[in-house]
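Here are a few exercises on how chains meet and how charged side chains pair up. Have a go at each one before you read its solution.

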Protein chains: 4
Amino acid sequence: MERIFSPSGCVEQLLRFEAALARAQARAGVIPNDAAATIAAKCDVELFDTAAIIHDAALTGTPVMPLLRQLLAQLPNDARAYVHMGATSQDAGDTALVLQMRDGLDALATDLRGVCAVAAQLAERHRRSVMPGRTFLQHAVPITFGLKAARWLGAVTRQLRTLDSVRRDMLVLQFGGAGGTLAAIAPNGLAVAELLAEELNLTLPDMPWHAERDRPASVACALGVTAGVLGKIATDVVLLSQTEVAEVAEGLTEGKGTSSSMPQKRNPIDAVQAVAASRLAVGIVPVVLVAMAQEHERGAGGWQTEWRAIPDLFRHTSRAAQHVRAALSALDVDAERMRANLGMAGGMLMAESLVVALASSIARPEAQQVVAELTGSAIRNRVSLLDAARADKRVTAVLSSQALEKALDPAAYLGSSDALIDRALKAWRDYGAQAAR
Amino acid sequence: MERIFSPSGCVEQLLRFEAALARAQARAGVIPNDAAATIAAKCDVELFDTAAIIHDAALTGTPVMPLLRQLLAQLPNDARAYVHMGATSQDAGDTALVLQMRDGLDALATDLRGVCAVAAQLAERHRRSVMPGRTFLQHAVPITFGLKAARWLGAVTRQLRTLDSVRRDMLVLQFGGAGGTLAAIAPNGLAVAELLAEELNLTLPDMPWHAERDRPASVACALGVTAGVLGKIATDVVLLSQTEVAEVAEGLTEGKGTSSSMPQKRNPIDAVQAVAASRLAVGIVPVVLVAMAQEHERGAGGWQTEWRAIPDLFRHTSRAAQHVRAALSALDVDAERMRANLGMAGGMLMAESLVVALASSIARPEAQQVVAELTGSAIRNRVSLLDAARADKRVTAVLSSQALEKALDPAAYLGSSDALIDRALKAWRDYGAQAAR
Amino acid sequence: MERIFSPSGCVEQLLRFEAALARAQARAGVIPNDAAATIAAKCDVELFDTAAIIHDAALTGTPVMPLLRQLLAQLPNDARAYVHMGATSQDAGDTALVLQMRDGLDALATDLRGVCAVAAQLAERHRRSVMPGRTFLQHAVPITFGLKAARWLGAVTRQLRTLDSVRRDMLVLQFGGAGGTLAAIAPNGLAVAELLAEELNLTLPDMPWHAERDRPASVACALGVTAGVLGKIATDVVLLSQTEVAEVAEGLTEGKGTSSSMPQKRNPIDAVQAVAASRLAVGIVPVVLVAMAQEHERGAGGWQTEWRAIPDLFRHTSRAAQHVRAALSALDVDAERMRANLGMAGGMLMAESLVVALASSIARPEAQQVVAELTGSAIRNRVSLLDAARADKRVTAVLSSQALEKALDPAAYLGSSDALIDRALKAWRDYGAQAAR
Amino acid sequence: MERIFSPSGCVEQLLRFEAALARAQARAGVIPNDAAATIAAKCDVELFDTAAIIHDAALTGTPVMPLLRQLLAQLPNDARAYVHMGATSQDAGDTALVLQMRDGLDALATDLRGVCAVAAQLAERHRRSVMPGRTFLQHAVPITFGLKAARWLGAVTRQLRTLDSVRRDMLVLQFGGAGGTLAAIAPNGLAVAELLAEELNLTLPDMPWHAERDRPASVACALGVTAGVLGKIATDVVLLSQTEVAEVAEGLTEGKGTSSSMPQKRNPIDAVQAVAASRLAVGIVPVVLVAMAQEHERGAGGWQTEWRAIPDLFRHTSRAAQHVRAALSALDVDAERMRANLGMAGGMLMAESLVVALASSIARPEAQQVVAELTGSAIRNRVSLLDAARADKRVTAVLSSQALEKALDPAAYLGSSDALIDRALKAWRDYGAQAAR
């Protein structure tokens, strides 16, 4: 990702645009084949002084002008006339950004597939690892760690699908000339545009979009949502790693997650960095959205904002994905501790299950009332829910000792967890199958 | 939009969830048909004290608990046991929000179609209204007002498509019970879920999504991009309305856009308010994205953030759409002034056209050099580009007086403008056709 | 806060501006005393149709015009001429907002003082309540709950000081007339401005600031930082309330924090709502900052953005403060559980203390190495740090059994905690004293 | 600015902290003087492999651990024990950031003073350059360009004051050890802290602030407001540079602001880049505010977010300041064009002046009515306000031809412009005087 959005990565794609433009115009019969070949041959990033281009861009407001100067200087007189013909600098700049974004989305998808692959393993492997489900960070009812991983898997799979559709729909050629009318190469404008799109393997949009930025903004949003999903997973890892919870730990690597003062520390440092990267990514989305209000036929500020914002957004999202992947790949999962934690707070998280069990014999509202009293007194008296229930005649009147134990067994109160895991795994397999086609 | 996201609008959809849940459970054989009918009959917003529900929500953290209390109070004993069975408050809350968002998207689409309809009219009507194209707010090359309107049309049409796909893909049922396992109604969880989705005409997702918020976040993003597009159109209207430009003006309505101190003022007040609403909308997107990092099985803060943020986002985006629609619907377009403005600054915006004309006789780089010198001297000497060109032998040597005039005629340098307008109109018609199917 | 920023709260302050303007102009000899008295008498919010004003504001873009129409309709002919003289609607609108913000800051300060008062009590009362200090959510070294509360206290006290200075420096009169030149009441402009500022007890700024919005933006930022501080406190409460930590719980109120499905739940619902309100507040800050780029002498969108954004910012921040205050005021602090939690994970949080103890006899890097090995083996073998240390000759060679126990006693490793608590309490007392002066 | 926040700039300040810590501890008698001298001598950035430190930071989550490893490797055994004693990595990291921010604020202030100096010159030089004042981008009443520049000056001067107070109040030492209790060097914690603050010329705060981030957040906000002010100035320059307005132009430099396709273009490229940099800066503020909710005694994500966000914020704000300075420094101001633009739209911007003139003879509401009719008919009939007024008996009845001309002379309707310019210049001089003290 660093390479794709580096200065030389940008120059490379700008040159790819200029080369493709020359070839397309030759194919359209607008410029001589020889000139096109000569131009295309010189559109090689190795021949360019990238640092000088970036430096001059601060003066001209775009890297295209200094790049063209360097390109022209390398061309014979008879080819010079055919460089960048009919195009405006934003045609090159936007298309280059589109090409960078395409590579960027592919790189990101690779990392996200890596996250999915390991989440799918965790979901399968921990189908039976019962743990407390937590709402508002309070024990609620039992779940399995497999289900939690399946939910992560489901969310990332959905982002892969979204990013695929964004890649398909939002990455289109920019080619309109100075005012978006293709006037300088009339009447061949649309013909050249079509061939240029073909050369770059990009879709030809209905119209140039110099000042209508919904497409890059939609890409930015898709990355923002992806970063948000990654942030959620990382947050879960951080919370599960707490000393008091200790259900997972990031695997030890030499030097990783240690402390300058406390030798015992084992910080969830990949997850923590993923949280940070996620927030940095998310923070860029509104910058791109605000920049959409671009004036007339080309923005005076908004476009320049995107230039810096979008590469940063790809970088941050990519780092978030890599840190989440690293955190999950080497995750130590302590199923024993999960089981132990279920017993915390007197096993109160089985209260709902007890209500359900009672409700087969007594009216549901009454059952709820009984259990509410039981949990209240159990908390006050610091006894377990089981002990409190055993001592309550309203319970023992309708539930045998065995039935009561079953009602308070977390492993017996997992509902559709297994089926839900299957559904998430199937969605991931379906995605993989479809993507491989 | 105000009504949809009002407190009573929220209560109405919560009740719709509870009624549908009862019916679905009856159909699944989980609860008696009679009980379901009794419950559904009482799920009528008119029977509820909305203000009390909202007031108590601050205490309980959700309106669902106080709503259930009011509902239970209205039910006979034998139906009470079957209310909200197997559901958790977030099931009701999220599904209600989804239903509100569905109505909200429909209402927004109506306004956006209105924007498209008037933009399409402007595009058609002003195909020949030549005006300066402006980049960096500087005259660049000529365009037509029809083309500008067509670009607006294209951008809004794309948002309509995006919102349609968001409506289809992102609005799904929430139903998972306390921990997302459907344990309280095992083994009927998924069966009830399927029927419940059917009752509400919602898609059944692979899994509950209490703490995976990519779907509402994607809706928020789609609205943010839409608000951004509307902000762009409003910005153009504000800029075109400037005293010095005066190419459009918002139509006069009694009292509209006047000033407390300056009787001559005719402020583009709808456009200005659209700009403000657009920014307010965009500002909410990151709030929703940040809120995605929800803890474990239910968030402690993020979910509550969405509750307020998403309704505000719909309200602001809706206001932006309505103000843009109002601004465009009554827009006074001054094609004469557009034509006059083309002559500003000595007609310098025809410089590129002159290069193209010269380049048919002399080498393109040389032509560019000639025109750069001409524009420079014309600006210095405060003469028009035509006068400067007429006095330059390099020009007159290759261009006849007639050819020169043609080269400097804005109406003759519009490139593919007409074809681009057609493409935008076709996309809008195609959308309408598809949407009507 | 709701009242201050309600429509009628706004109208009230607009009328206060108009009344003060009339009085100031009378004092400056610009208008007759009688007219001023008549005008001022009618500037009573009870006499106005607030709903109509707000409705018409959507048309005119500001509530000032419809308000003036209602005011004029109530005045005799001879007073009418002197209403709003020399002022522009933004003079009234901005000054009204300044007055609302002044009241808003006062209301917010009251809530923040409430937070401080209870945090100070907690700091004092829990000086000796030893608990785990946590970094990266991992046990680090012992602290006291008093120190944690003192840090909360310190942060909120600092915000009170900042808000005081913002109130003093940023809330200034707006009065400049249509273009900020005071031309319509020349040559009395500055004289009237000075008297008007006096009437409203506001500072007279060097210049009108219609399009220079650094002052409202600074107020917004101060609220954003305050909301951030409140969010930090609320986050701590949520985390300490976790079932596995259980060191605090929000006090029970009828119906508060309960669940629709789980009778045992005791959710930290005030803290959760404070987290949400904090994020909503913070999300508005960039909206106000983006809106600063206001065009020329009056903005076309930015000013209108502020109008809605700033009231919302006050509302959200106020709610955050009230929820934090409520959460802390009724906080159940379980010092016993804190003590118990210190022993979690084998008392590993005393590792640094053991290094310090060993370092008085052996070289520090060596001591760190020894303790790193001890914690490693203790974790692997699931024994306590004390047991591991007792079995290590390198330790027993230099530390007696008593010295070792002391080195592993959390209560003996609190460093400057007491002095730091004192410093926070002193800062709070100093603030209170200064504020009372 | 790039250097201050470069990796080596960071390492340099981290080493400065470690050296100062050793010296402070020697002065406090906690470590031997010789050891301190040896450590301090090795704390030289030239001796460190910065790239390796930054690379390893991704693994450890902070650059402090790898830096310490390199430092220890360079020290003799007897000094090693005294490195980083009692400190935690965040003590070093935060203090280094504070030192970077101090340098960053100084560098920014230099640029802002440059902006002020040139704005003050423009204010003085263009006291009499009458131009249209514009509200909602519509001509309102006349102002002078000097007044506009004075408003820019006033706003930037205020930011200089704010940044000074931020520098004084918000940049404080971080020193608390692993849990913020200074336990590892008890009982000398506060004594060492005081000397350490002295060594680094920083204020000693009441308490460590590892997880209370109001101070860095306040710095971020101050930069955000400054960026907002710069964005406003840049927006004005862009708008005044429009082809139709043409009242200013950015000075020509070789290659600057030219176009790849249009030889006549003279884009306001510094202003445009300032707009972009301003928005990028502003976009970071909420990221820092959101990151304030840091957990317990040290954040798990928020602190890491700041690390990247704050340097980026300084970079963007600095670029905004430099571009605004460049734009203003070489600004071509066309006072003649300003005067000409006053006549645009029939001189309607004198309407308010005419009301004032009439109101000395007829009742003000009546005068307003007359002028409203006049402007309406003038616009409809495309005549000037002067011509319309001359033909209206209600006007001629009370205003002589000379009085009418005066009432419609923009140069005679500038109100307190001159006095306001003086006030802004005085504030700037006062600031300079105070700052020089």
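A salt bridge here is a side-chain nitrogen of Lys or Arg within 4 Å of a carboxyl oxygen of Asp or Glu. Keep in mind that you're working with a predicted model.

**Exercise 1. Describe the contact between chain A and chain B, from its size down to one ion pair.**

Step 1: start with the residues. Chain A puts in 85 and chain B puts in 84.

Step 2: turn to area. Between them, chain A and chain B bury about 6,900 Å², with 65% of that coming from carbon and sulfur atoms.

Step 3: count the polar links. Eight salt bridges cross the interface of chain A and chain B, and 34 residue pairs are in polar contact there. On the side of chain A that touches chain B, the top contributor is helix α9 (residues 214-240) of chain A, with 15 residues. Sorted by class, that side of chain A has 47 nonpolar, 21 polar and 17 charged residues.

Step 4: zoom in on one pair. Asp214(B) and Arg158(A) form a salt bridge, with their closest N and O atoms 2.7 Å apart. This one runs between chains, with Asp214(B) sitting in helix α9 (residues 214-240) of chain B and Arg158(A) in helix α7 (residues 145-170) of chain A. Buried or exposed, Asp214(B) and Arg158(A)? Both residues are buried.

**Exercise 2. Work out how chain C relates to chain A, then describe their contact.**

Step 1: superpose the copies. Chain C lands on chain A after a rotation of 180° with 0.0 Å of shift along the axis, at an RMSD of 0.1 Å. So the relation is that of a two-fold axis.

Step 2: find what lies by the axis. In chain C, Glu244(C) has the C-alpha nearest the axis, 2.9 Å from it. The two copies use the same surface, as 100% of the contact residues of chain C recur in chain A.

Step 3: gauge the contact. Each partner gives 42 residues, chain C and chain A alike. The buried area is about 3,400 Å², 58% of it on carbon and sulfur atoms.

Step 4: look for charge pairs. The interface of chain C and chain A has four salt bridges. One involves Glu244(C), whose partner is Arg134(A), with the closest N and O atoms 2.7 Å apart. Nine residue pairs are in polar contact across this interface.

Step 5: ask who contributes. Several elements of chain C give two or more residues to the side that touches chain A, among them β1, β2 (138-144) and α10 (269-290). The largest share, five residues, comes from α15(C).

**Exercise 3. Compare two salt bridges that each stay within a chain.**

Step 1: take the local one. Asp312(A) pairs with Arg315(A), their closest N and O atoms being 2.6 Å apart. These two are three residues apart in helix α11 (residues 302-329) of chain A, so about one helical turn separates them.

Step 2: take the long-range one. Asp422(C) and Arg127(C) meet in a salt bridge at 2.4 Å, N to O. Here the partners are 295 residues apart, Asp422(C) in helix α19 (residues 417-436) of chain C and Arg127(C) in the loop between α6 (89-125) and β1 (130-135) of chain C.

Step 3: check accessibility. Asp422(C) is at 37% relative accessibility, so it counts as partly exposed. Arg127(C) has a relative accessible area of 14%, so it is buried.

Terms used
Residues are numbered from 1 along each chain as its sequence is written. Chains are lettered from A and ligands numbered from 1 in the order in which they are written. This is a predicted model: local features need pLDDT of at least 70, side-chain atom pairs count only at pLDDT 80 or more; totals for chains, interfaces and linings use all residues. Side-chain values use heavy atoms; hydrogens and water are left out. Contact means heavy atoms within 4.5 Å. Buried area is the accessible area (1.4 Å probe) that two parts lose on being put together, summed over both. A polar contact is a pair of N or O atoms within 3.5 Å; within protein, one must be able to donate a hydrogen and the other to accept it, and residues adjacent in sequence count only if both atoms are side-chain atoms. Helices (H or I, at least four residues) and strands (E, at least two) are DSSP runs, numbered from the N terminus. Ala, Val, Leu, Ile, Met, Phe, Trp, Tyr, Cys and Pro count as nonpolar, Asp, Glu, Lys and Arg as charged, and the others, Gly among them, as polar. Copies are superposed by least squares on the C-alpha atoms of residues with pLDDT of at least 70 in both. Buried means under 20% relative accessible area, exposed over 50%, partly exposed in between (1.4 Å probe, protein chains only).
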